[in-house]
Amino acid sequence: MRETLVLNASFEPLATVSLRRAVVLVMQDKAVVEHAHPGMRVRAASVDVPVPQVIRLSRYVRVPFRRRAPWSRRGVLVRDQHRCAYCGRRATTVDHVVPRSHGGGDTWLNTVASCAEDNHRKADRTPEQAGMQLLRRPFEPTPADALLSTLGVSVRDGLPEWLALPA
């Protein structure tokens, strides 16, 4: 199912929602479509709405300040673009750099995406003990980076033209 970026009335990113939820918000006049998928529409007997990629709420919603993006297994895989941190192949699991049995936790800086083979080979050891090297160091994304990465947008690759700020 498609994800839609929800912006506050002040254009700050808030969350991602399903296509169905985005269409409902637009139909209830709680949001407006800022950017739609080109050439795609949602049609029904009395409804013809462009498929929203980005919507903006009509009224400002006060949100508590978030310093950190919440850690999740899915978030680690998306952050690492589903690429194994040890060999570069497609990753399906999350590996703890410092194993949990050695005091390592579920944190952004201690987890990397890994293919099942490398995760099994590393086992209950650190990469140094297993003789393995990380291709890239884990990092903690900002809440905005984490939100954009769920949409498949990478800030490092440059923003798409519909999201870039005008000059």
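**Strand pairing and buried contacts in the predicted model**

Strands β1 and β4 pair in the parallel sense, over 3 bridges, and within this pairing leucine 5 stands opposite valine 54 of β4. The model in which this arrangement is seen is a predicted one. The two strands belong to an open sheet of 4 strands in the order β2-β1-β4-β3, in which the pairing is mixed. The edges of this sheet are taken by β2 (residues 13-18) and β3 (residues 31-43), each of which has a single partner strand, so that one side of each is left without a neighbour in the sheet. Direction ignored, neighbouring strands of the sheet are turned against each other by 35° on average.

The antiparallel part of the sheet includes the pairing of β1 with β2, which are joined by 5 bridges, with threonine 4 placed opposite valine 17 of β2. The hairpin of these two strands has 5 residues between them, and phenylalanine 11 takes a positive phi near 70° in this hairpin. Of the 5 residues of β1, 4 are buried, so this strand is largely enclosed by the rest of the structure. Strands β3 and β4 (residues 48-57) also pair in the antiparallel sense, over 8 bridges, and here alanine 36 stands opposite proline 52 of β4. Helix α1 (residues 19-27) lies across β1 (3-7), β2, β3 and β4, and runs at about 90° to β4.

Proline 52, which lies in strand β4, offers a view of how these elements meet. With a relative accessible area of 1%, proline 52 is buried. When its neighbours within four places in sequence are left aside, proline 52 is in contact with Thr4, Leu19, Ala22, Val23, Val33, His35, Ala36 and His37. For one of these residues, histidine 35, the C-alpha atom is separated by 6.2 Å from that of proline 52, although the two residues are 17 apart along the chain.

Over the whole chain, the secondary structure comes to 5 helices and 6 strands, which follow one another along the sequence in the pattern β-β-α-β-β-α-β-β-α-α-α. Buried residues account for 37% of the 167 residues in the chain. Among contacts between residues at least 6 apart in sequence, 57% join residues that are at least 24 apart.

A further antiparallel pairing is formed by β5 and β6, over 4 bridges, and in this pairing serine 114 of β6 is the bridge partner of threonine 93. Both faces of strand β6 (residues 111-114) are covered, since Thr111 and Ala113 on one side are buried, as are Val112 and Ser114 on the other. Two of the residues of β6, Val112 and Ala113, are also in contact with aspartate 80, as is Arg136, when the neighbours of aspartate 80 within four places in sequence are left aside. Aspartate 80 is found in the loop between α2 (residues 73-79) and β5 (residues 93-96) and is buried, with a relative accessible area of 4%. The C-alpha atoms of aspartate 80 and arginine 136 are 9.0 Å apart in space, while the residues themselves are 56 apart in sequence.

Side-chain interactions of other kinds were also examined. The charged end of arginine 79 sits over the ring of phenylalanine 139, at 5.4 Å from the centre of that ring, whereas the structure holds 0 aromatic pairs. A search of the whole structure likewise finds 0 disulfides. The cysteine sulfur closest to that of cysteine 84 belongs to cysteine 87 and is 3.7 Å away, which is too far for a bond, given that a disulfide requires the two sulfur atoms to be within 2.5 Å. Cysteine 87 is accordingly in no disulfide, its nearest cysteine sulfur being that of cysteine 84. As to their accessibility, cysteine 84 counts as buried, at 0% relative accessibility, whereas cysteine 87, at 33%, counts as partly exposed.

How values were computed: Residues numbered from 1 in each chain as written. Predicted model: local features only at pLDDT ≥ 70, side-chain atom pairs only at ≥ 80, totals over all residues. Heavy atoms only, no water. Pairing = 2+ DSSP bridges. Axes fitted to C-alpha atoms, helices over the stretch in contact; angles between N-to-C directions. Contact = heavy atoms within 4.5 Å. Buried < 20%, exposed > 50% of the residue type's maximum accessible area, 1.4 Å probe, protein only. Phe/Tyr/Trp six-rings, centres within 6.5 Å; stacked < 30°, edge-to-face > 60°. Lys NZ or Arg CZ within 6 Å of the ring centre and 35° of its normal.
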